Amino acid sequence: MLMKFFLHPSMTLHTDEEKNLAAHATMDAWAHFAQADIVVMSRSSYSHVPAMLNTNCVIYQEYWNAPMEGWIWAEDSEQGSRNLFDTGAFNTCLRRIARPSWGLLGAAR
């Protein structure tokens, strides 16, 4: 089972901190990735597969698998990087998927 952390009444952060994951944990994790409002990918094929099914906001760091069209690019945060992030694309995506309860201007839903 994935651990859930409640950051705000309308936000839940899912992590894999539970060390004794059940056999179905991968499918549970992928289901959360595929349906999440915002997916922050790691550099792995594990996150790539469900991110391809997500129609909301996917944040991608470059690695050997190419991003899909519409994914939001973020530079690696290693020492010496410029910590670049496509803020414009992220804001556009947030406006596209926003729910009225989020209180964002220009919420589409």
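## Helix 1: two sides

Met-27 and Gln-35 are exposed on one side of helix 1. The other side holds the buried residues. The model is predicted. In helix 1, which spans residues 25-35, the buried residues are Ala-25, Ala-29 and Ala-34. Viewed down the helix axis, they fall within an arc of 165°, so they line one face of helix 1.

A general point about helices helps here. An α-helix has 3.6 residues a turn, so residues three or four places apart point the same way. What covers the buried residues? Helix 2, residues 45-53, is part of the cover over the buried residues of helix 1.

## How helix 1 meets helix 2

Two packed helices are described by the angle between their axes and the distance between the axes. The axes of helix 1 and helix 2 come within 7 Å. They cross at roughly 45°. Angles from 35 up to 65 degrees fall outside the parallel and perpendicular classes, and helix 1 and helix 2 are therefore oblique to each other. Their crossing is right-handed.

Which residues make the contact? Helix 1 supplies Thr-26, Ala-29, Trp-30, Phe-33 and Ala-34. Helix 2 supplies Tyr-46, Ser-47, Val-49, Pro-50 and Leu-53. Ala-29 and Ala-34 are thus named twice: they are buried residues of helix 1, and they take part in the contact with helix 2.

## His-48 in helix 2

His-48 also lies in helix 2. Is His-48 buried or exposed? His-48 has a relative accessible area of 7%. The cut-off for buried is under 20%, so His-48 counts as buried.

Leaving out residues up to four places away in sequence, His-48 touches Met-41, Tyr-60, Tyr-63, Asn-65, Ala-66 and Trp-71. Two tyrosines and a tryptophan are among them.

## The disulfide

How many disulfides are there? The count comes to 1. The disulfide joins Cys-57 to Cys-93, with an S to S distance of 2.0 Å. Cys-57 sits in strand 4, residues 57-60, and Cys-93 in helix 3, residues 87-97, so the bond ties together parts that are 36 residues apart in sequence.

The torsion about the S-S bond is about -115°, so the disulfide is left-handed. Are the two cysteines buried or exposed? Cys-57 is buried, and Cys-93 is buried too. Strand 4, which holds Cys-57, also includes residue 60, and Tyr-60 is one of the residues that His-48 touches.

How values were computed
Residues numbered from 1 in each chain as written. Predicted model: local features only at pLDDT ≥ 70, side-chain atom pairs only at ≥ 80, totals over all residues. Heavy atoms only, no water. Buried < 20%, exposed > 50% of the residue type's maximum accessible area, 1.4 Å probe, protein only. Helix = DSSP H or I, 4+ residues; strand = E, 2+ residues; numbered from the N terminus. Arc of directions from axis to C-beta. Contact = heavy atoms within 4.5 Å. Disulfide = S-S within 2.5 Å. Axes fitted to C-alpha atoms, helices over the stretch in contact; angles between N-to-C directions. Parallel < 35°, antiparallel > 145°, perpendicular 65-115°, else oblique. Left-handed = near helix turned anticlockwise from the far one by under 90°.
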